[in-house]
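Subject: A structure for you to explore

Hi there,

I am passing on a structure that I hope you will enjoy looking through. Please open it alongside this email, and then read on for what turned up.

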Amino acid sequence: MTDLQLGIASLPILLLLIFLRMPIGLAMLVVGLGGTAWVSGGSLVVLAKLKSETYSTFSSYSLSIVPLFLLMGQFATLGGMSTSLFKAAESWLGHRKGGVAMAAVGACAGFGSICGSSLATAATMGQVAMPELKRYGYSGGLSTATLAAGGTLGILIPPSVVLVIYAILTEQNIAKLFLAAFIPGFLAALGYMITISIYMRLSPGNAQVRPRVAYRQRLAALVEVWPVLLVFFLVVGGIYLGWFTPTEAAAIGAAGTGIIALINGGLTRQSFTDSILATASNSAMIFIIILGAGFFNAFLALTQVPQEISQFVTAQGFSPWVILLIILALYLIFGCVMDSLSMILLTIPIFFPIISVLDFGLTAEETAIWFGILVLIVVEVGLITPPVGMNLFVINAMDRSTRIIDTYKSVLPFVASDIVRTGLLVAFPGITLFLLRWVY
Amino acid sequence: MHRIITGIARTLAIVGGAVLVTLIALTCLSVVGRILNSVGHSDFVKTTLPVAGDFFKAFGPINGDYELVEAGIALAIFLFLPWCQLNRKHATVELLTPIFPKMFNRLLSLLWETVFALAILLITWRLSIGMSDKMRYGETTFLLQMPVWWAFAACTIAGFFASLVAVYCVYQRVVERTKGDPALPGSGGMDV
């Protein structure tokens, strides 16, 4: 067997192991190390590599941002910031048809600007918004679907852990990727609100609207969210203005949300320990996947699989757009069964070389950033796609009176809104790249 | 035994958290120092308030802060590993779990748990060899001149505990198989 054949054979083997429930990071580690040992004709290279590779992966300065962002997100859930965000959004939107649900989406978007995690956003906003939605007579299915969809804004609106990983994998600038995610994130929130508006007109149910709130009170409610704005400006503004490195910004963000939680009385000994333990298991999980992906990708590079596949694909003479659509469709399908991070670490090393040689009429950097945002979005759709969207489970578990099947039904319009938006962003790369071109 | 192992894993995770919090404080101090320093060097302060300029210039970034962050995060991750292992938090695709027979699922769990424990043992073993290499070459970090083997040693100790917990996890699966105890927490794919 040639090295190339071995490399290609490793892909189905890896997938088989993963579907046989082998932990994803472990599977990549084992296949990567095994493959490298085979190609290099013995265990010598592998053993030598292992002496320093684990430490150098875990101590990478750019990856140190990951646990910091995770801790920042944990602290953000304690700060009472979710409540003030929801109240502010409710005072501006509550009097419209479907306004309380729209407010939940708006508050999720706001929370997403200080939290880089979808599940944390969905769970935190769920606790605040779910009782309100029930009180105003929204059906269980629409309530859970709104919050599950709103949660995906957590990862789309910077800061975002997945974008950080993409930036590191493809050697792109994190600040530029964050900037490019803004308009798509805003469009997502807008799209969800329009979806709710249409949904309410087609099947009004017995949801009530809130009385209109005077502008004075609306502004007062808006002022209440200043801690969120401050942390967001420090973290994302600081990165973008070049005040600090992304890692420093994440440290400042974690300190900021921690201090706010402390002042609001949300940070007790117990909740602090819980935050640390949740950060611990998530960080370890992510770093094991990154470690495995590192070994697996090194093995693939050794066998030249990524180059060969990208040459093969381009030699077929398909239109770049067809290839892009196929890749995005694959993400959509895989997103239904696999978590976003593993999927990105598993596929980007194979798909990115293909995309980077295709001509979309953009510069190399623009293509990389645009593709990153598209991948992020389709991966997130997987979080709310039945039957195994994680956000659906998290939110559904919070509301015992709603059957999962109702959540499944009600989330479909949101999935449709996601697909329409993805289509727009694919057809007009300028939407994603607008801010980037304007600023840089 | 379960209580002891859980206690160890939890304590290590909290120590890792303390390391993380320390790094956050260190980074924030370093950033503040750097900003104050650049205020002291700004033309505006130099011309209008030279005394304040000299005062601000006394501040500065913490020397070698990046090196400390790198070493500290690596240690924190190793300290976090046992807690993740014990709670089965590693990302896994559970799509086919409901389809497989119960015995097959348990067999798979035992198999992967064993492979995982072997992998962590391998990593820790090689890490300790890496440590003795660094010790022999006397390699130090660029700015702080801190011997690199210190960080390796700290990680190796954490890796030793991670191996211990990983082996215990295998034992848990064996007990589960023979006694037919209620299933352990299934590992769920975590989306961040």
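Let's begin where the two chains meet. Chain A and chain B bury about 5,500 Å² between them, and carbon and sulfur atoms give 77% of that area. On the chain A side, the residues that lose the most area to chain B are R21(A), K51(A) and Y55(A), which together make up 16% of what that side buries. Please keep in mind that this is a predicted model.

Counting residues gives another view of the interface: 67 residues of chain A are in contact with 57 residues of chain B.

How many salt bridges link chain A and chain B? The count is two. In one of the pairs across the interface, the side chain of K51(A) meets that of D133(B), at 2.8 Å from N to O. Over all chains, the count comes to 14 salt bridges. To find the K51(A) pair on your screen, start in helix α3 (residues 44-58) of chain A and cross to D133(B) in helix α5 (residues 102-137) of chain B.

There are also eight residue pairs in polar contact across the interface, with both residues at pLDDT 80 or more. Which helix gives the largest share of the chain A side that touches chain B? That is helix α15 (residues 269-303) of chain A, with 16 residues. Sorted by class, this side of chain A has 47 nonpolar, 16 polar and four charged residues.

R21(A) deserves a second look. This residue sits in the loop between α1 (3-19) and α2 (24-39) of chain A. Its phi is near 70°, a positive value in a residue other than glycine.

Next, a pair of helices within chain A. Helix α17 (residues 320-335) and helix α19 (residues 364-383) of chain A pack at an angle of about 35°, and their axes are 7 Å apart. The crossing of α17(A) past α19(A) is right-handed. Among the residues that meet here are W321(A), L324(A) and Y331(A) from α17(A), and W370(A), F371(A) and V378(A) from α19(A). By class, this contact has 13 nonpolar residues, two polar ones and no charged ones.

One last detail is a peptide bond. Is the bond from P158(A) to P159(A) cis or trans? It is cis, with omega near 0°. You can find P159(A) in the loop between α9 (153-156) and α10 (161-170) of chain A.

Happy exploring, and do write back with questions!

Best wishes

Technical notes
Residues are numbered from 1 along each chain as its sequence is written. Chains are lettered from A and ligands numbered from 1 in the order in which they are written. Side-chain values use heavy atoms; hydrogens and water are left out. Contact means heavy atoms within 4.5 Å. Buried area is the accessible area (1.4 Å probe) that two parts lose on being put together, summed over both. A salt bridge is a side-chain nitrogen of Lys or Arg within 4 Å of a carboxyl oxygen of Asp or Glu. A polar contact is a pair of N or O atoms within 3.5 Å; within protein, one must be able to donate a hydrogen and the other to accept it, and residues adjacent in sequence count only if both atoms are side-chain atoms. Helices (H or I, at least four residues) and strands (E, at least two) are DSSP runs, numbered from the N terminus. Ala, Val, Leu, Ile, Met, Phe, Trp, Tyr, Cys and Pro count as nonpolar, Asp, Glu, Lys and Arg as charged, and the others, Gly among them, as polar. Axes are lines fitted to C-alpha atoms, for helices over the stretch in contact, and angles run from 0 to 180 degrees between N-to-C directions. A crossing is left-handed if the near helix is turned anticlockwise from the far one by less than a right angle, and right-handed if clockwise.
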